[in-house]
Amino acid sequence: MTHDPRKDAKSRNDGLGYWIAKLEGAPPALDLPTAGLRRALDSTAAHRARADLTHEPGDPELLAGLFTLLLRLSGQPDLTVGVQREGQLLPLRLQVNQDQDLGQLARACERAWAEAWEQRAELEAILAASGKAEAPFRLILVLDESAPAQDAPWIVRRTRGALELVARGSHFAATDTQRTLGQLTRLLESARSHRSTPISRLEWLTAEETQQILGQWNATEIDFPSEATLHSLFEGKAAEQPDAPAVVFEGRTLSYRELDERANRLAHGLIRSGVGPEVVVGLCVERSFEMVVGLMAIHKAGGAYLPMDPSYPRERLRLMVEDSHVGVLLTQDHLLPLLPRSTAKTFRLDADWDQFAQEPGTTPDAGAQATSLCYMIYTSGSTGKPKGVMLDHRGRVNNFLDFNRRFSVERSDALIALASLSFDMCAYDVFGTLAAGATIVLPRQDELLDPARWTAIMREHDVSIWHTAPAMLKMLVDYLEARPELAPHSLRLVLLGGDWIPVTLPDRLRALVDDVQVISMGGATECSMDSTIYEVLEVDPDWTSIPYGEPMKNQLAYVLDEHLQLLPVGVAGELYLGGIGVGRGYFERPELTRERFLENPFVADEDARMYRTGDLARWIPDGNLELLGRIDNQGKIR
């Protein structure tokens, strides 16, 4: 039988036996949410903050406020606080029930402290008997005028009608210390005004914090052509620069005029087949001029496209066709066997082109508006069951023009289009590029995973913009590091989204291509293609991830708790996205739509909604977001 020294201690000393039982199974000392993330802090500095009290709480009430603060900061209900009185420092452990009010918690604190004080012993003896190498708390509350008996990251004490918080610099900066004390005093004030409110719902952000999150970091409003559609942006460029190259594929070039005329002819034919506003058209094509013509024509006909990547399994394609009830399908002759039998009118954009070639080359007046359905993309999401996400033109116009404005994308630029047709990145590759008057460079279908071919294409066509998931850029960098002489020096802008960016990847690329801008983008298919943005400049070697970024123009981001309350800097919660980019919801999935697309309580517009992403995130002090993972621990398999 294994010898347990704690049992000996219990038999020798009833007081220590109490502490052995009390601390058994206690979690390690709580890691305080260090808002000093991503900045160097002086480990020797001590920061002091002081806040005057309009009402001086009793010891139990103050303890309850501290336990509530720790619960709200960490989400952990099993909490231990160090309490010092008459020079005696004791660990006070409680299981905090978030549904109780502060008065109930204060009474629990009072009982627990009375019991602990009756069993008081030296902290060193308590820890030794309990088999703990260090104190199970990070915060000490000093209840008298004595000096703290032990150093700790946080020390709280009352001084003549005020509260004082002392924080070690290795954990907090001076601004963090003042903010945290403000949260404590706000909790106490809120509890006094709302005595029966559960502690999990008490207000705790200061007015300054709320203003910073809502009034500064989410101050994203900017004018843009809010009545435009994606195809109208292209049509403007086609009129302005008809002979400029729009699409390059297999050594051939389609000008803006030629693309406009072909898309017009197809659009007239689609209108004759019943396509118009709110009508969804399936598009299953490989990389080709037909892909771009098909996308543009569907919009010119007033319709919305359903992208169907031909590399998808047949069962997935069948589900999309059946679930979406599409009445028209556009494909290519050799892909026809992949498509399921359906009642949809099916046209081959290559073999059946003669019937469209006779249609007018003029722009049809199909009646699509900025609020019309733009596309419906099927995504598995966290449930694993595919569902159609519906998005309008206005959010996409805002998002794509934001990119083009920020990075001065123009006629002289060329983008290599590598994203899957069924990935919302493809929408920018086509419509965003053409809205800027730039050139789309299309690799063949069999070149989509070949970095050697990417390199050759980029060098041949002076590609200046790259837009993919990070994994594809890593493939390119891996290839070029063994062949640095092939680096495409025309590349000036790299846009990365859809997954985690390896921390070393931006600098690896910059070692190959001078002065290239690397941009991290975040978001959800259910909103704009991207909702947050971060320019990756200097990378700190201590970073574990690239920041997720700040909200893009006319878009909003919130980190909220389970009660949809704002969370402060450094505290992890669920990421919600709002603003113009939020989609309509899921096609014929009203219950799931209500669950994920919620009324936005932080804006005046009663029709505004926000999307619940399922992502875990937190704010960092500079107003950027850090992504921490999935709420449901979901992983991605590529």
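Which residue in β5 does I140 stand opposite? Keep that one in mind, everyone, and we'll get to it in a minute.

Good morning, and thanks for coming. What you have on the screen is a predicted model. The average pLDDT over the protein chain is 92, and 94% of the residues reach at least 70. Two stretches deserve some caution. Residues 1-13 have a pLDDT below 50, and in the model this stretch has 10 contacts beyond near neighbours in sequence. Residues 634-638 are also below 50, with seven contacts of that kind.

Now the overall picture. The chain has 638 residues, and 58% of them are buried. Its secondary structure comes to 18 helices and 27 strands. If you turn the model along its principal axes, the C-alpha trace spans about 95 × 55 × 55 Å. Take the contacts between residues at least 6 apart in sequence: 70% of these join residues at least 24 apart.

Let's go back to the opening question, and to strand β4, residues 139-142. I140 faces I155 in β5. Strand β5 covers residues 154-158, and it runs parallel to β4, with four bridges joining the two. β4 also pairs with β2, residues 78-85, again in the parallel sense, this time over three bridges. One of the contacts to look for there is Q84, whose bridge partner in β4 is V142.

And are the side chains of β4 buried or exposed? They are buried on both faces: L139 and L141 point to one side, I140 and V142 to the other, and each face is covered.

Next, please scroll along to the nine-stranded sheet. This sheet is open, its pairing is mixed, and the strand order is β8-β7-β16-β15-β17-β18-β19-β20-β21. At the edges sit β8 (252-255) and β21 (550-551), each of which pairs on one side only. Inside that order, let me pick out β18, residues 493-496, and β19, residues 517-522, which pair in the parallel sense over four bridges. If you want a landmark for the register, L493 stands opposite Q517 in β19.

While we are in this part of the model, have a look at F423. You'll find F423 in the loop between β15 (414-416) and α14 (425-435). How should we class its exposure? With a relative accessible area of 29%, F423 falls between the 20% limit for buried and the 50% limit for exposed, so it counts as partly exposed. Leaving aside residues up to four places away in sequence, F423 touches I377 and G498. To get a feel for the distances here, compare F423 with E145: they are 278 residues apart in sequence, and their C-alpha atoms are 63 Å apart in space.

Last stop: the second largest pocket. Its volume is about 600 Å³. Lining this pocket are 24 residues, and those that lie nearest its centre are N554, G579, I580, D605 and A608. Two elements give two or more residues to the lining, namely α13 (393-406) and β22 (555-560). What is the lining of the second largest pocket like by class? It has eight nonpolar, eight polar and eight charged residues.

That's my tour. If you go back to the model afterwards, start with I140 and I155 across β4 and β5, then move on to F423 in its loop, and finish at the pocket with N554 and D605 among the residues nearest its centre. Thanks for listening, and I'm happy to take questions.

Conventions. Residues numbered from 1 in each chain as written. Predicted model: local features only at pLDDT ≥ 70, side-chain atom pairs only at ≥ 80, totals over all residues. Heavy atoms only, no water. 1 Å grid on protein atoms, 1.4 Å probe; cavity = no way out; pocket = protein on both sides within 12 Å on 5 of 7 lines; lining within 4 Å. Points joined across faces, edges and corners; volume = space filled by probe spheres on them. Nonpolar A, V, L, I, M, F, W, Y, C, P; charged D, E, K, R; others polar. Buried < 20%, exposed > 50% of the residue type's maximum accessible area, 1.4 Å probe, protein only. Pairing = 2+ DSSP bridges. pLDDT = per-residue confidence, 0-100. Contact = heavy atoms within 4.5 Å.
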